[in-house]
Amino acid sequence: MRAGTSAASAQASTTTPTYSAIAPPTSLTAVGSSYQQIDLRWVASTAPAPNTAPVNYSIYRSTTTPFTPSTANLMGTTVGITNYVDSNYPATLTAGESSIPPGPGIQPSTIYYYQVVASTLSGISSAATASATSLPATPSTTAPAALTGLTAMAENANEIDLIWNSTNSGVGTVATTYYIYRSTTPTFTAGASNLIGTTKSNWFQDDVLTASTQYYYQVFANNTIGVSPSSATVTATTSALNPNLWGGAPFWDASNIPTLPPGDTVMMKFLNRTNGKYTNDQIIWTATLNGVATTYTFAQQPTFVMPPNSSGRMYFFLNDPTLDEDNTDYWDYIEFTAGPTSINMDTTRVDALGVKIAFNLVCSDGTNVALGENQETFTEDRSVTLQRYLAAAPYNTTGSAPYNFQTDETTYGPYRITEPGAAGFNAAGPYQNYYANYISNIWSFNDITIPEAGPNGSGLGANPDLSAAIFRHTAPISSTAEFNSAGDLTNEGMWGNPASFYQQEPYDHYAQWIEAQAINMQQYAFPYNDAGGYSSDIGCSNPKTLLVAVGW
């Protein structure tokens, strides 16, 4: 070896991961939800290893087919979420007001064509395609016809989603309720024994299913004029349990739950659904019922026997032994009142979204219902959830009625997404005038004589429908009055189709987003969200088990 020359080093080697092309979404379905809204749903693309980031979906729309996706016809994007609402709302914006692209919005009686493209670090998928026709802007005057477009799609091991064309245009006085029936046999007769739920939306999440099982569904529409014939029977099969989620267990894992002792109301079991972020000894639950304070970790006490109690709350804390109910810790709660043989309870986002919570209540009267955040939201990381809120939250800090719904998250992020009142929309806040002009027009057009609502719709404790109509922007300011002089609702059809909610500024963007993360859109996002039956409140007789899932 010559001086000054070193021996050759061993050549370093690296293994470059092989990325495969991302699959397109499957089962893409588009349906007309009202005269100003079309809903899209699909089954998720598979993100191949080693790509573990959420799948992004881009939604393109045209009134002609075929068409080429481009920035000119890009309507929106989602991150990990397999549904999209294409509504009239973007038409009310001008460029620069929001991350939401400006119009044009959905027009009545118009056919629209869609392409949905998935993308990850692996690349971009081919497009899935679908089309739908919006409903006419005319009131319903007859009993509904049999549903069309009914589609069932398996979302995961415990959930099948249904979607269909609405029979309610969202105009007029007719309210429509859809009745959903389920069986494990292909030929069945719809009846009380297989009725699993009702909804006013033209979609339904069946969230309490068994893995690797085929289910069959029929849906009927019922309005104030009559009942439709049965829909066609549709079917879907849930996937096998995912070994990488929830420890390979069902999301609603009722195994090893003890028998309820006599004299108590319901047996509770707590489920850690934080995707490995926290261990069971880092999640604390606490409750003070009938003067008795109880505090344990999930590891110490994974079940709890709930006694009869009035106006109870149970709090959940993530890795916070101080149990501080503040804005710099991760915590949240559920509410309930329990009698000897009954229970009434809810999840609530009236104050904030702190920690993802859902529950599954099973009762001897046949109730088997899940409420709270949906499984898609539980599955994603918290950072993705918060980013999705910011992407959906508009702002306009100029003019006489400025607003900024992004401060709902940035005020106390990443700990909480607070309700708008605490983020500047209440009296003396920078956005207190957001609803002012709309409120004044409502009072004037409907000849309402009670005191006008204050900032953020305040002062309407005796008028829950009027309060909800402000937040949802459904109170009329032209055409036909729908409130009397006392501020009472005179047209229950206002709540007949939720696709007519949140279509024009001003409205509560926080509430709209919170509801979109909830199972079957049922959640308390403002104090009177139960107007029309859209809250997360549930009651039953002879409760048996209550599973409570806490996520990250």
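User: Before I look at any strands in this structure, what has to be found between two strands for them to pair?

Analyst: Two strands pair if DSSP finds at least two bridges between them. Please keep in mind throughout that this is a predicted model. Here, strand β16 (residues 283–289) and strand β17 (residues 292–297) run in the antiparallel sense and are paired over six bridges. One of the bridge partnerships joins T288 to A293 of β17.

User: How many residues lie between the strands in the hairpin of β16 and β17, and which residue takes a positive phi?

Analyst: Two residues lie between the strands of that hairpin, and N290 is the one with a positive phi, near 55°.

User: How should I read the nonpolar cores, and which residues have the most contacts inside the largest one?

Analyst: The general idea is that, in soluble globular proteins, nonpolar side chains tend to be buried together. In this model the largest nonpolar core has 45 residues, and those with the most contacts inside it are F405, I442, W443, I470, F483 and W495. The helices α2 (382–392), α4 (436–446), α5 (464–472) and α6 (509–516) each supply at least two residues of this core, and α5 gives the largest share, with five residues. If you centre the view on I442 and set aside residues up to four places away in sequence, you will find that I442 touches I448, L466, I470, A475, P476 and I477.

User: One of those helices is α6; is α6 mostly covered or mostly uncovered, and what do its buried residues pack against?

Analyst: The helix α6 is mostly covered, since six of its eight residues are buried, namely H509, Y510, A511, W513, I514 and E515. These buried residues pack against β22 (352–353), α2, α3 (407–410) and β27 (417–418).

User: How do I judge single residues in loops, for example S535 and G263: is each buried or exposed?

Analyst: The reasoning step needs two cut-offs: a residue is buried under 20% relative accessible area and exposed over 50%. S535, in the loop between α6 and β28 (538–541), has a relative accessible area of 5% and is therefore buried. Leaving aside neighbours within four places in sequence, S535 is in contact with Q522, Q523, Y524, N529 and D530. G263, in the loop between β14 (234–237) and β15 (266–273), has a relative accessible area of 63% and is therefore exposed.

User: Then there is empty space to consider; how much of it lies in the largest pocket, and which residues are closest to the pocket's centre?

Analyst: A pocket is an open set of points, whereas a cavity is one from which the probe cannot get out. The largest pocket holds about 1400 Å³ of space; 41 residues line this pocket, and A44, S45, N242, L245 and T379 are the closest to its centre. The elements giving two or more residues to the lining are β8 (151–156) and α1 (375–379). By residue type, the lining divides into 18 nonpolar, 18 polar and five charged residues.

User: And for the enclosed kind, how many cavities of 30 Å³ or more does the structure hold, and which residues line the largest cavity?

Analyst: The structure holds one cavity of 30 Å³ or more, and the largest cavity contains about 40 Å³ of space. Its lining consists of L353, G354, K356, R382, T385, L386 and I417, with the largest share, three residues, coming from α2. That lining divides into three nonpolar, two polar and two charged residues.

Technical notes: Residues numbered from 1 in each chain as written. Predicted model: local features only at pLDDT ≥ 70, side-chain atom pairs only at ≥ 80, totals over all residues. Heavy atoms only, no water. 1 Å grid on protein atoms, 1.4 Å probe; cavity = no way out; pocket = protein on both sides within 12 Å on 5 of 7 lines; lining within 4 Å. Points joined across faces, edges and corners; volume = space filled by probe spheres on them. Helix = DSSP H or I, 4+ residues; strand = E, 2+ residues; numbered from the N terminus. Nonpolar A, V, L, I, M, F, W, Y, C, P; charged D, E, K, R; others polar. Core = buried A, V, L, I, M, F, W, Y, C linked by side-chain atoms within 4.5 Å. Buried < 20%, exposed > 50% of the residue type's maximum accessible area, 1.4 Å probe, protein only. Contact = heavy atoms within 4.5 Å.
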